[in-house]
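Me: Hi! I'm new to this one, could you walk me through it?

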Amino acid sequence: MSEKIWLFSDSTSDITHEEAERWNIGIVPLRVNVGETTYREFYDITPEEYWDILEREQELPSTTQVAMESFAEQYRMAKEAGCTHCIGLLINGKGSGTYQTSCIIRDMFYEEHGTDMKIELIDSEKYAYLYGSVIIEAAKLRENGASFDTIVADIKDRLSRIRAYLGVYNLKHLRKSGRISGGAAFVGDALGMKPVMLVDNASVDVVMKVRGEKNLVPKLVELAAAEAEHPEKQTAFLFHAKVEEERLADAEQRLLAAGFGGVMRRPLGMAVTTNTGPLSIAVGFYRRSDV
């Protein structure tokens, strides 16, 4: 029997509508509460609109994991489409209950419909387009006739190698989200210190601080170039929120000058910017095996 594979991810993967349609990838939405209003990411609100909310609102919006019925709908649609396999690639399980919920609904689906359609759920241990790019690569393999086992192996290999360094220009939202203390934010702003964080292995950790806004992008590029595997053969990801075009263009030119074969800009969605704020920028890349 030939395989027919269904692919889906959650909205925090930062996949665009055009990508989801082109590669036939289902998207289940995380939700955000702004006052009395609830928005579904991807369907009701854009990243740019959310950045404006973060700047405007005094109270930090609260994010809510994917609703149970959204997962049930993906499994049901896959079953009705005659799929033999279903693969879901989801946001870091340590930062969200989304992955755990997807597993619970899968088990309920198995109880009702049987296990003849295999459902493989993968905790990306990543955020944003770090894993969104991986599910798109999986869709390309599917289009070229790759097997389920090949696709799953490729997803896991890519997840083990992709990472990002993230910098924040303003510490206000890191303080609001509890990532740093109010005292640390006050001192950091007073001294002009900007944190650099490594996004990898199911965590976001501050690895160093740089003094002054002008030094943030050069440090991100330096770290990425030093760790990248054959940078000339890969496209670096330039993740950003509401950062000035001048800074983005500078980061892009620095990445190319550092030896990367290309640069792809991607806006950051709710999961990252709720914690870091709209003045955030990051560089994503595939690391060497010895890093």
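Reply: Happy to; below we go through the sheets, some helices, a pocket and a few single residues.

Reply: This is a predicted model, where local features need pLDDT of at least 70, side-chain atom pairs count only at pLDDT 80 or more, and totals for chains, interfaces and linings use all residues. Residues are numbered from 1 along each chain as its sequence is written, and side-chain values use heavy atoms, with hydrogens and water left out.

Me: Thanks! What is the strand order in the open sheet of six strands?

Reply: The order is β10-β9-β8-β13-β11-β12, and the pairing is mixed. At the edges are β10 (203-211) and β12 (262-267), each of which pairs on one side only. From one strand to the next, the twist averages 25°.

Me: And what do you mean by a strand, or by pairing?

Reply: Strands (E, at least two residues) and helices (H or I, at least four residues) are DSSP runs, numbered from the N terminus. Two strands pair if DSSP finds at least two bridges between them.

Me: How many bridges join β8 to β13?

Reply: Seven, with β8 (residues 162-168) and β13 (residues 280-286) running antiparallel. V168 has S280 in β13 as its bridge partner, and G167 stands opposite I281. β8 is also joined to β9 (residues 193-200), by four bridges and again antiparallel; there, Y165 stands opposite L198.

Me: Is β8 mostly covered or not?

Reply: Mostly covered: seven of its seven residues are buried. Buried means under 20% relative accessible area, exposed means over 50%, and partly exposed lies in between (1.4 Å probe, protein chains only).

Me: Which residues of β8 point which way?

Reply: I162, A164, L166 and V168 point one way, while R163, Y165 and G167 point the other way. In a regular strand the side chains alternate between the two faces of the sheet.

Me: Which helix lies across β8 and β13?

Reply: That is α6 (residues 148-161), which runs at about 40° to β8. For such angles, axes are lines fitted to C-alpha atoms, for helices over the stretch in contact, and the angles run from 0 to 180 degrees between N-to-C directions. Contact means heavy atoms within 4.5 Å.

Me: Switching topic: what's the order in the open sheet of three strands?

Reply: β4-β3-β5, with antiparallel pairing. Its edge strands, β4 (37-40) and β5 (62-64), each pair on one side only. β3 (residues 31-34) and β5 pair over three bridges, and V32 has T63 in β5 as its bridge partner.

Me: Now helix α4. How far apart are its end C-alpha atoms?

Reply: They are 22 Å apart, which agrees with the 22 Å that its 16 residues (98-113) should span at 1.5 Å a residue. The expected span is 1.5 Å times one less than the number of residues.

Me: Which residues of α4 are buried, and what do they pack against?

Reply: The buried ones are T98, T101, S102, C103, I105, R106, F109 and Y110. They pack against β1 (5-10), α3 (68-80), β6 (85-90) and β7 (118-123). After α4 comes G114, whose phi is positive, near 85°.

Me: What about α5? Why does S133 count as buried?

Reply: S133 is in α5 (residues 129-143), and it counts as buried because its relative accessibility is 6%. Not counting residues up to four places away in sequence, S133 touches I162 and F237. G132 is found in α5 too, and is buried with a relative accessible area of 0%. With the same residues left out of the count, G132 touches S13 and I15.

Me: I15 again in a pocket, maybe? Which residues lie nearest the centre of the second largest pocket?

Reply: I15, F42, I45, T46 and P47 do, out of 17 lining residues. The largest share of the lining, three residues, comes from α2, and the pocket's volume is about 300 Å³. On a 1 Å grid over the protein atoms alone, a pocket is an open set of points where a 1.4 Å probe fits, with protein on both sides within 12 Å along at least five of seven lines, and lining residues have an atom within 4 Å of a point. Grid points are joined across faces, edges and corners, and a volume is the space filled by probe spheres set on the points.
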